[in-house]
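This briefing concerns the overall form of one protein chain and the aromatic rings within it. Please have the sequence and the structure to hand while reading.

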Amino acid sequence: MSETDIAVWDPDPETVADSNLVSAMGDCGLIDYETFHRWTIEDRAGFWNYVIRRLGILFVEPPVQILGSSEDVESPEWLAGSRLNI
């Protein structure tokens, strides 16, 4: 293992169990980080819909869709039709 591979912080098991990440994985019924990470990549709209609900973000006008159907990953259309009043 090289110096660049050394973790700066290695949380204890109790800290990990109490983390937002583990809580979110449980909410989604995903048992390990690799599965959770794969879901965030393969179902971006589903993941961000979950994040919006979990954070309690309220819209003046809710989005018609979370992520547009464009395959252009460099400029996706997010939250089409929505309006926020921050």
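For the charge count used here, Lys and Arg are taken as positive and Asp and Glu as negative, while His and the chain ends are left out. On that basis the protein chain carries 16 negative and 5 positive side chains, and 11 Å separates the centres of the two sets. The model is a predicted one. The points below treat the chain as a whole and then turn to its aromatic rings.

**Fold and dimensions**

- The protein chain contains four helices and two strands.
- Read from the N terminus, these elements follow the order α-α-α-α-β-β.
- The radius of gyration of the protein chain is 17 Å, whereas a compact globule of 86 residues would have one near 12 Å.
- Along the principal axes, the C-alpha atoms of the protein chain occupy a box of roughly 45 × 30 × 25 Å.

**Burial, surface and contacts**

- Buried residues make up 17% of the 86 residues in the protein chain.
- The exposed surface of the protein chain is about 6900 Å², of which 54% comes from carbon and sulfur atoms.
- Among contacts in the protein chain with a separation of 6 or more, 22% are between residues 24 or more positions apart.

**Aromatic pairs**

- Six aromatic pairs are found when the whole structure is searched.
- The pair of Trp 39 and Phe 47 is edge-to-face because the ring planes stand at 85°, with the centres 5.7 Å apart; an angle over 60 degrees is the cut-off for that class.
- Trp 39 and Phe 47 are both buried.
- Trp 48 and Trp 78 also form an edge-to-face pair, with 80° between the planes and 6.2 Å from centre to centre.
- Because Trp 48 belongs to helix 4 (residues 44-55) and Trp 78 to strand 2 (residues 78-80), this pair ties together parts that lie 30 residues apart in sequence.
- Trp 48 is partly exposed, at a relative accessible area of 37%.
- Trp 78 is likewise partly exposed, and its relative accessible area is 36%.

**The aromatic cluster**

- Which residues do ring pairs link into a cluster? The members are Phe 36, Trp 39, Phe 47, Trp 48, Tyr 50 and Trp 78.
- Within this cluster, Trp 39 and Phe 47 are buried, while Trp 48 and Trp 78 are partly exposed.

Note on methods:
Residues are numbered from 1 along each chain as its sequence is written. This is a predicted model: local features need pLDDT of at least 70, side-chain atom pairs count only at pLDDT 80 or more; totals for chains, interfaces and linings use all residues. Side-chain values use heavy atoms; hydrogens and water are left out. Rings of Phe, Tyr and Trp (its six-membered ring) pair if their centres lie within 6.5 Å; planes under 30 degrees apart count as stacked, over 60 as edge-to-face and the rest as tilted. Buried means under 20% relative accessible area, exposed over 50%, partly exposed in between (1.4 Å probe, protein chains only). The radius of gyration is taken over C-alpha atoms; the globule rule is 2.2 Å times the number of residues to the power 0.38. Contact means heavy atoms within 4.5 Å. Accessible areas come from the Shrake-Rupley method with a 1.4 Å probe; for residues, only the protein chains shown count as cover. The place of a charge is taken as NZ of Lys, CZ of Arg, CG of Asp or CD of Glu.
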